[in-house]
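User: I'd like to go through the labels attached to this structure and hear the reasoning behind them. Can you take me through it?

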Amino acid sequence: PPLNNTTFCDCDNQPTTNNNNNTTTMIASTALRNAARVGSKRSMSTAAAPKQHKAKDMWATLEKTRPPPGHPHTVFEPPYSTPVVAGMVIGVITTGYGMMYFGMRHQQYKQGYWK
């Protein structure tokens, strides 16, 4: 007698399902869903196209905001003190190098490579 009143079936005699049919159904349903999604998107109406900003339409307004001709635009031009600029550049480079070095040093001690 089987253990615990359990019956065992002979799986070779079981009817098999058609996996090909299931795959075809899944592909067809996915294709239909995607086709419906594409078809449900509304195309833009040509009757009332969206208004787009054009620079030529605003040119007169833009010209009014400009400074008069001959106005100096001294951006990144002297008078800058050479020693001050040199000190700032050296300071930025030194600070960046120092931060990277001390970060590396901290990791080397933390991970035990340096004692």
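Analyst: Sure, here are the labels, each set against its cut-off.

User: What should I know about confidence before we start?

Analyst: This is a predicted model. The protein chain has a mean pLDDT of 78, and 69% of its residues reach 70 or more. Confidence is lowest in helix H1 (residues 19-40), with a mean of 80, and highest in H3, at 96. Where pLDDT is low, the predicted coordinates should not be read in detail.

User: What makes the chain pattern α-α-α?

Analyst: The protein chain has 3 helices and 0 strands, and along the sequence that reads as α-α-α.

User: How do you know that H3 spans what a helix of its number of residues should?

Analyst: Helix H3 covers residues 82-110, which is 29 residues. From first C-alpha to last, H3 reaches 42 Å, close to the 42 Å expected at 1.5 Å a residue. After H3 comes glycine 112, with a positive phi near 85°.

User: Why is the tyrosine 97 and tyrosine 101 pair called stacked?

Analyst: There are 3 aromatic pairs in the structure. In this one, the ring centres of tyrosine 97 and tyrosine 101 are 6.4 Å apart, and a pair needs centres within 6.5 Å. The planes make an angle of 15°; under 30 degrees counts as stacked, so the label fits. The two tyrosines sit 4 residues apart in helix H3, so about one helical turn separates tyrosine 97 from tyrosine 101.

User: And why is tyrosine 101 with phenylalanine 102 edge-to-face instead?

Analyst: Their centres are 5.3 Å apart, with 75° between the planes. Over 60 counts as edge-to-face, so that's the name. Ring pairs link Tyr97, Tyr101 and Phe102 into a cluster.

User: Which of those cluster residues count as exposed, and why?

Analyst: Exposed means over 50% relative accessible area, and partly exposed lies between that and 20%. Tyrosine 97, at 59%, is therefore exposed, and so is phenylalanine 102, at 52%. Tyrosine 101 has 32%, so tyrosine 101 is partly exposed.

User: What makes methionine 104 partly exposed?

Analyst: Methionine 104 is in helix H3. Its relative accessibility is 38%, so methionine 104 gets the partly exposed label.

User: Which residues make up the nonpolar patch on the surface?

Analyst: They are Tyr97, Tyr101, Phe102, Met104, Tyr109, Tyr113 and Trp114, with about 800 Å² of accessible area together. Patch members need over 30% relative accessible area; tyrosine 101, at 32%, therefore meets that cut-off.

User: How much of the chain counts as buried?

Analyst: Just 1% of the 115 residues, where buried means under 20% relative accessible area. The protein chain exposes about 11600 Å², and carbon and sulfur atoms supply 62% of that area.

Definitions and conventions: Residues are numbered from 1 along each chain as its sequence is written. This is a predicted model: local features need pLDDT of at least 70, side-chain atom pairs count only at pLDDT 80 or more; totals for chains, interfaces and linings use all residues. Side-chain values use heavy atoms; hydrogens and water are left out. The expected span of a helix is 1.5 Å times one less than its number of residues. Patches are made of residues with over 30% relative accessible area and no salt bridge: like charges are joined within 9 Å, nonpolar side chains (Val, Leu, Ile, Met, Phe, Trp, Tyr) within 5 Å. Accessible areas come from the Shrake-Rupley method with a 1.4 Å probe; for residues, only the protein chains shown count as cover. A salt bridge is a side-chain nitrogen of Lys or Arg within 4 Å of a carboxyl oxygen of Asp or Glu. Buried means under 20% relative accessible area, exposed over 50%, partly exposed in between (1.4 Å probe, protein chains only). Rings of Phe, Tyr and Trp (its six-membered ring) pair if their centres lie within 6.5 Å; planes under 30 degrees apart count as stacked, over 60 as edge-to-face and the rest as tilted. pLDDT is the predictor's confidence in each residue, from 0 to 100.
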